[in-house]
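Please open the structure in your viewer and keep the selection panel at hand, since this tour goes from one selection to the next. At each stop, take a moment to turn the view before reading on.

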Amino acid sequence: MEKLIETRELYTDFNTFEGVVKALNGVSVVVNEGETYGLVGESGCGKSVTVRSMMRIVQAPGRIVDGKVVIFFRAEDRSRGIDILRRSETYMTSLRGDSISMIFQEASTSLNPVLSIGYQVGESFRFHRRTQMLEETIQELEAELSGSLFFLARGWKRTQRGLFRRELSVLKAYEADIDRIDHELYALEDKTDRDSLRRKALLNRRRDRLREKSGLAELAKRFPFLSFYQRRLDRTITRHVVELLRSLGVANPERIVDGYPHELSGGMQQRIVIAIALACHPVLLIADEPTSNLDVTIQAQIIDLIKSLKESIISSVLFITHDLGLVAEVCDRASVMYAGDIAETAEVRELFRNPLHPYAQGLLRSVPKVEQVGELETIPGSVPNLIDPPSGCRFHPRCPHRMEVCPQRKPPLIEHSEGHWVACYLYTDGEQ
């Protein structure tokens with residue numbers, strides 16, 4: 001399998017009044033093309049911080065301290081990839097919601113209560129697919145022109161078509177120029193300091209080009225007599241929104257697009273959030289506990305929906321959950337996280353059949369079984385405070401197999417068997 005996205009030794013901290021919370025402690029994960037990858041662990045272990053760091057949306061006071069996030073699906077050289085932590089925010093804006101999308105926890109808080117469903121779902125089309133929307137609108141106007149019999153109506157249609165063609169021309173020239181600048185920047189990425197002036201000149205040119213970009217949509221906001229322009233484009237976008245909602249099983253999508261989030265049930269709100277994430281057919285879908293706070297029946301529907309979309313639309317899914325049963329059902333590979341560290345990574349069957357890390361073993365033993373009689377097994381101790389985490393292996397204060405080396409050095413993530421990685425000194429000589 002080819003890699004799709006990879007994090008390398010990722011460190012993320014949160015500066016608080018009590019101290020620095022070391023949320024990620026050198027996290028390395030790889031999501032391959034065509035797979036469903038699970039990130040599992042208890043609340044507060046760093047699952048959501050990991051994916052937010054991957055998308056560069058860590059909120060203050062958090063900051064990415066060190067590491068790399070490398071994507072391979074946009075790179076000219078797929079063996080090398082592109083470190084998106086070194087790219088501009090403009091580049092990330094073009095990536096989020098288009099190639100990489102995310103379903104956030106709590107659908108009710110992910111939706112804006114004062115904006116219509118149609119506007120929120122259509123925002124991705126408006127931002128990432130504007131060229132396509134303009135082309136379709138021009139085609140519609142040309143079809144109407146051929147069927148119009150009145151001279152004034154035909155003149156008005158020609159005027160509208162001319163305005164849309166003008167913006168389309170400006171937009172295509174802008175996108176082509178930005179692509180050329182990005183390719184030149186990519187070529188200079190690993191060059192010496194003597195190329196720094198060239199790199200700076202390209203970045204300044206990119207910034208100036210962004211400022212020059214203008215369309216009639218911006219003018220329509222200032223001049224009311226041009227409001228027809230945005231209404232006409234919105235009609236094209238709304239048609240795509242209705243088609244998308246219908247494909248996701250939303251009943252009466254023509255009515256739903258004019259409604260607001262508070263008018264929908266929790267399960268329907270979650271479908272709307274999924275629609276927003278899927279609008280541009282992303283390469284990678286990140287699902288951050290998409291079934292939290294939903295009843296069991298709706299949970300099953302949402303999981304079945306994501307599985308079916310994985311087969312038809314999405315290349316790969318990064319699934320975040322604390323539910324081991326869900327991981328067993330939907331994931332191909334999974335990583336177990338503990339206190340900001342990756343404890344173990346393996347194919348799901350191998351992980352459940354032969355867990356290696358003491359924390360992963362404890363997690364699986366704590367899962368209720370049908371034939372079990374008596375109390376559930378637990379992991380002794382409590383989760384450490386990440387402002388002052390334990391030295392070495394962060395699990396060592398609770399580990400029944402603790403050795404002398406465990407508090408001294410963080411164990412490396414080693415490949416114990418093919419595709420089965422573990423970070424524990426039980427499987428090393430203790431000298432690495």
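Begin with helix 11 and helix 12, whose crossing is right-handed. Keep in mind while looking that this is a predicted model. The axes of the two helices come within 10 Å and cross at roughly 20°. Angles under 35 degrees count as roughly parallel, and helix 11 and helix 12 are therefore described as roughly parallel to each other.

Next, show the side chains where these two helices meet. On the side of helix 11, select Gly267, Gln270, Arg271, Ile274 and Leu278, which meet Ile298, Gln301, Ile302, Leu305, Ile306 and Leu309 in helix 12. If you colour this contact by class, you should find 7 nonpolar, 3 polar and 1 charged residues.

Now bring the sheet into view. In what order do the strands of the open sheet of 8 strands lie? The order is 6-7-8-3-9-10-12-11, and the pairing is mixed. Select strand 6 (100-103) and strand 11 (414-417), which stand at the edges; each has a single partner strand, so one side of each is left without a neighbour in the sheet. As you look along the sheet, note that the twist averages 20° from one strand to the next.

Within this sheet, select strand 9 (residues 333-338) and strand 10 (residues 341-347), which run antiparallel and are joined by 6 bridges. To look at one position in detail, pick serine 335, which stands opposite threonine 345 in strand 10.

With the sheet still displayed, return to the two helices. Helix 11 (residues 266-278) packs on the sheet and touches strand 6 and strand 7 (284-288), while its direction makes about 170° with that of strand 6. Helix 12 (residues 296-312) also packs on the sheet, where it touches strand 3 (36-40), strand 6 and strand 8 (316-321), and its direction makes about 155° with that of strand 8.

For the last stop, select strand 1 (residues 3-15) together with strand 4 (residues 62-71), which pair in the antiparallel sense over 8 bridges. Which residue in strand 4 is the bridge partner of aspartate 13? The partner is arginine 63. Then add strand 5 (residues 82-83), which runs antiparallel to strand 4 and is joined to it by 2 bridges; here valine 70 has aspartate 83 of strand 5 as its bridge partner.

Note on methods. Residues numbered from 1 in each chain as written. Predicted model: local features only at pLDDT ≥ 70, side-chain atom pairs only at ≥ 80, totals over all residues. Heavy atoms only, no water. Pairing = 2+ DSSP bridges. Helix = DSSP H or I, 4+ residues; strand = E, 2+ residues; numbered from the N terminus. Axes fitted to C-alpha atoms, helices over the stretch in contact; angles between N-to-C directions. Contact = heavy atoms within 4.5 Å. Parallel < 35°, antiparallel > 145°, perpendicular 65-115°, else oblique. Left-handed = near helix turned anticlockwise from the far one by under 90°. Nonpolar A, V, L, I, M, F, W, Y, C, P; charged D, E, K, R; others polar.
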